[in-house]
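I opened this notebook to keep track of what I looked up. The entries follow the order in which I went through the model.

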Amino acid sequence: MRKDELRDLVQRSSWLIRALGVVRDSCLPDAWIGAGAIRDLVWSERYGDGFDPSLVRDVDVVFHDPTDLSRDNDDRATRRLVAAWPEPPWEAKNQAAVHTWYPAKFGGGPVAPLRTIADAVATWPEYATAVAVRLDAYDQITVCAPHGLDDLLDGVWRRNPTRVSPQISRQRLARHRPTERWPGVRVVA
């Protein structure tokens, strides 16, 4: 089962397990770590020289709090994580509030409010990064992967057309340079 493959990779990273524990213990509502940190772990282990936490650009922590859609809520959440463990480059975002700022930041028309974390993750830029994990109260790793795990685990960079235009995808590809960072990763247009 593909989820077990991902769980095994996550479990072998003491750094990520610690980060997941910090997120769980922060008591942010429905909080997960997703996107680039998960991709970096998997692709560095499978297609690179091994995972180096110091190379993680940011640790995307997503949570869902429909009671407070302010940007201050994101800032408070990030500060809570930093207070618990200052080392990772935390970046917390309330997915319930995405519709209030997304069009102004990224362009395009209005977006519907996201009702769940799975709804949010399903919109992330590439299928390989449309994945989030969390640690439950029993230290079990839960996986959220609305588009499945094949692209992540098989090293495929493929645009998620839900919100990302081909132009934005090309910009992301140029910025992230996946085939240079992880030989063996394939880009699918």
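Entry 1, a strand pair.
Which residue in β4 is the bridge partner of I33? I looked it up and found V133. I keep in mind that this is a predicted model. I then checked how the two strands run: β1 (residues 32-34) and β4 (residues 132-135) are antiparallel, and two bridges join them. I also noted G34, which has A132 of β4 standing opposite.

Entry 2, the other neighbour of the pair.
I followed β4 on to β5 and found four bridges between them. β4 and β5 run antiparallel. I wrote down R134, whose bridge partner in β5 is T142. I wrote down L135 as well, whose bridge partner in β5 is I141. β4 and β5 form a hairpin with five residues between the strands. In this hairpin I found D139 with a positive phi near 65 degrees.

Entry 3, the whole sheet.
I asked in what order the strands of the open sheet lie. I read the order of the five strands as β3-β2-β1-β4-β5. The pairing in this sheet is mixed. At the edges I found β3 (90-94) and β5 (141-144). Each of these has a single partner strand, so one side of each is left without a neighbour in the sheet. I also took down the turn between neighbouring strands, which is 30 degrees on average, direction ignored.

Entry 4, helices on the sheet.
I looked for helices that lie across the strands. Helix α2 (residues 14-25) lies across β1, β2 (59-63), β3, β4 and β5. I noted its direction against β4 as about 75 degrees. Helix α3 lies across β1, β2 and β4. Against β1, I noted that α3 runs at about 60 degrees.

Entry 5, two helices against each other.
At what angle do α1 and α3 pack? I found about 90 degrees for α1 (residues 2-11) and α3 (residues 36-47), with the axes 10 Å apart. The two helices are therefore roughly perpendicular to each other. I listed the residues that meet: R2, E5, L6, L9 and V10 from α1, and I38, L41, V42, E45 and R46 from α3. I sorted this contact by class and found six nonpolar residues, four charged and no polar ones.

Entry 6, cysteines.
How many disulfides does the structure hold? I found zero. I went on to C27, which sits in the loop between α2 and β1. I asked whether C27 is buried or exposed. C27 has a relative accessibility of 62%, and since over 50% counts as exposed, I put it down as exposed. I put the same question to C144, a residue of strand β5. C144 has a relative accessibility of 9%, and because under 20% counts as buried, I put it down as buried. I then listed what C144 touches, not counting residues up to four places away in sequence: W32, A118, V121, A130, V131 and A132. For V131 I looked up the spacing as well. C144 and V131 are 13 residues apart in sequence, and their C-alpha atoms are 5.7 Å apart in space.

Entry 7, positive phi.
Most residues other than glycine have a negative phi. I therefore wrote down the exceptions I came across. C27, not a glycine, has a positive phi of about 65 degrees. A35 is another residue other than glycine with a positive phi, near 65 degrees. I located A35 in the loop between β1 and α3. A35 is buried, with a relative accessible area of 14%.

Entry 8, a buried glutamate.
I ended with E126, in the loop between α6 (117-121) and β4. I asked whether E126 is buried or exposed. I found E126 buried, with a relative accessible area of 1%. Which residues does E126 touch, leaving out those up to four places away in sequence? I found W157, R158, R159, N160 and R172.

Methods:
Residues numbered from 1 in each chain as written. Predicted model: local features only at pLDDT ≥ 70, side-chain atom pairs only at ≥ 80, totals over all residues. Heavy atoms only, no water. Axes fitted to C-alpha atoms, helices over the stretch in contact; angles between N-to-C directions. Parallel < 35°, antiparallel > 145°, perpendicular 65-115°, else oblique. Contact = heavy atoms within 4.5 Å. Nonpolar A, V, L, I, M, F, W, Y, C, P; charged D, E, K, R; others polar. Disulfide = S-S within 2.5 Å. Buried < 20%, exposed > 50% of the residue type's maximum accessible area, 1.4 Å probe, protein only. Pairing = 2+ DSSP bridges.
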